Amino acid sequence: MSVVSIVAGIISLVVTAVAVGLAVVAVGRMLAVVRAGRPAPGRTGDRGRRWRAMLVETVGHTRMLQWHWIGIMHWVVFAGFIFLSTAVLAAYFQVWDPTFALPLVGHFVVFEWATDALLWLTLIGIVGLIAYRQVRHPRRLEKRSRFYGSRFWQAYFVEAIILGEAIAGLLIRGAEYELAGVSAWHFPLTAWIGGLYAGASTAAVENVIVILALTKILLAMVWLGVLARNITMGVAWHRFTAWFNIYFKRNPAGTALGALEPLYVNEQPLTAESIEDLQEEDFEKLGVGKVEDLSWKGLLDVTTCTECGRCQSQCPAWATDKPLSPKLLVMSLREHAYQRLPLLSLQAAGGELTTEQQQVLDRPLVGSPEDGGVIDPDVLWSCTNCGACVQECPVDIEHVDHIDNMRRHQVLVESEFPSELNRVFTGMERKGNPWGMNGKDRMAWAKDLPFEVKVVGQDVQDLDEVQYLFWVGCAGAFDDRAKKTTQAIAELLHLAGVSFAVLGQGETCTGDSARRAGNEVLFAQLVAENKETFTETKVKKVIASCAHCFNTLKNEYRQFGVELEVVHHTQLLNRLVREGKLTPAPPAETERKTITYHDPCFLGRHNDVYDEPRDLLGAIPGATLAEMPRNSERSFCCGAGGARMWQEEKLGSTTINKARTEEAVATGADQIAVGCPFCKTMLADGLTAAQSTGDAREEVEVLDVAQMLLASVKRGGAV
């Protein structure tokens, strides 16, 4: 054994002991922070699906591959990190014995080929990612860069370590080939590197292997030590925490979209019945008012954030220069959590705090920057709940749940929320709709129809007598634009021979806007009222024309024990066309239209309904579909979700609906098709503004898919 081996061996052991010791302490600190969170019910059941989801998303990189080439490069680096960890293990033996090879697999050709391939792929992948980060750097793109606000030194450090490990690995493979004196068959992609050592003595090559092995160990331990000293370094820690974060996600079969997370009080969902049993101290716990009010899963979420900025790049609020960036929000929560929670533990143990530490504890979670707030209220209220952040996140962070839980505390405990919502809440509570319209007018939309619309309790006793309950919704009943969609759907159902009835004055708001605005108490009361109505009228199958009603009835009422078979009108109408019960007819040659379809967030991203509306449009003769650049899973929000429908958009360089309308108009479409009354209102307003400034042709119009289908069916002679 050479002196070089002895020195290298001792150094490797000392450095490893220090780095591992630091890492153990860091993991303990991290676990202490995560465990400080509230319980997170429902995160451990259905283990089979959870294991499957975790393995598919990590090993399969399914969410990373939403960005194809970036995902591929990340996968080879990920695979190299795991597989080539065996090379670091081998390095601990090589510093003592340069001829060492792993038992059983060390000289196995398949293993050696995989080693060579992954070394090169890792090198190529990390160089590609380094180049991409520079091309997309904020100094070039400013706030349009998804890396805006990310901590670059941490990314550079991780990239440098991986690059160093890959280069050291390739060099050591070349030296191993030169020392082994075997066929290049065992070193298919690195044998040529052995030429660097041609003519060197055996002892010299052995020393090269020892030094390179030590280099690999030092790189790995420096990486581990820096991680240990920077516990909020998500760009590195996510390699360990992402597995757990994905496993414990709220929906093991998908993302945390669709239903919002229930508001838990003492580990039980809040309902209209349980509200009456709340103690005074329970009200202070409603929602998230302090970072320790996050569940342990919420704290694991923020710990796992990689700062990749995919969420930020897709956020409609950020794209229109609002203060909300989902990434920066999560980063702020993480930094505050890892500052505040250890101090709370210190304080509870009787430790004395410095002035600076006390200032950390005194910071409000939600508050203006002037008041030292961690999260500006404008950040919270800029969110449309579109779910683009959740859809894009490769580690399944549940941004929308966290935002709305903070909204819940602001509304229910602090009574701090946008003033426009006062009227909305009052209208829902007193009149059963956000407009505050008289419930007696709920059937006004049906007056001019050429047939009678059946009303439960008047024309039919209950829903057993018809196929469907047609859930008209507040917009469909009271909004003049949405009424046209309601009428079109009713006519189409009548023409197709589908029997249906409506609740009329018995219908009240589903409560979507109340829940998404944080007023869970009002939402629970509306659910209880509708639940009683559904039970009395034996509702089983529901047609919904509003994407928000569709999502709420289908997904969120289930949390309150209401099981319904809910279908969106575009889904049912598409089926009726396919079954031949509705027959669209072609227009005159001069009346052919180019149509662009806008995906409602709560129909598409929240419920994966993308194909049926497009199939339906494709079935209308004379209609040519021109997709917007951002469509389907990557669709851009209209700006109405998350109770933004009721709030004036005062912040940013432009409004979200205007940005989306401009994108629609740019396709050259004659008609903008929608499948939601909120989208129709927002895009119609955006179109009117664009037409007033000459940025859109006067003949362009916004129509619901049902209106387009009805016009086509009537061309065929249906009356």
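Let me begin with a term: a residue is called buried when its relative accessible area is under 20%. The model I am presenting is a predicted one, and my subject today is its charged side chains.

Across the whole structure, a search finds 45 salt bridges. I shall discuss three of these pairs and one network.

In the first pair, E398 and K297 meet through their side chains, with an N to O distance of 3.6 Å. K297 belongs to helix α12, whereas E398 sits in the loop between α18 (388–392) and α19 (399–414), so this contact ties together parts that are 101 residues apart in sequence. Both partners, E398 and K297, are buried.

Next, consider R340 and E292, whose closest N and O atoms are 2.8 Å apart in a salt bridge. R340 is in helix α15 (residues 326–348) and E292 in the loop between α11 and α12 (296–304), with 48 residues separating them. Here, too, R340 and E292 are buried.

The third pair is E491 with K714, a salt bridge at 3.2 Å between the closest N and O atoms. It links helix α22 (residues 480–495), which holds E491, to helix α30 (residues 705–715), which holds K714, across 223 residues. Is each partner buried or partly exposed? E491 is buried, because its relative accessible area of 13% is under 20%; K714, at 39%, counts as partly exposed.

As for the network, R408, D512, R515, R516, E520 and E556 are joined by salt bridges that share partners.

Finally, on the surface, E280, E281, E284, E414 and E416 form a patch of negative charge. Of these, E281 lies in helix α11 (residues 280–283) and is partly exposed, at 49% relative accessible area.

How values were computed
Residues numbered from 1 in each chain as written. Predicted model: local features only at pLDDT ≥ 70, side-chain atom pairs only at ≥ 80, totals over all residues. Heavy atoms only, no water. Patch = residues over 30% accessible without salt bridge, like charges linked within 9 Å, V, L, I, M, F, W, Y side chains within 5 Å. Areas by Shrake-Rupley, 256 points an atom, 1.4 Å probe, with all protein chains shown as cover. Salt bridge = Lys/Arg side-chain N within 4 Å of Asp/Glu carboxyl O. Lys, Arg positive; Asp, Glu negative; His and termini not counted. Charge placed at Lys NZ, Arg CZ, Asp CG, Glu CD. Helix = DSSP H or I, 4+ residues; strand = E, 2+ residues; numbered from the N terminus. Buried < 20%, exposed > 50% of the residue type's maximum accessible area, 1.4 Å probe, protein only.
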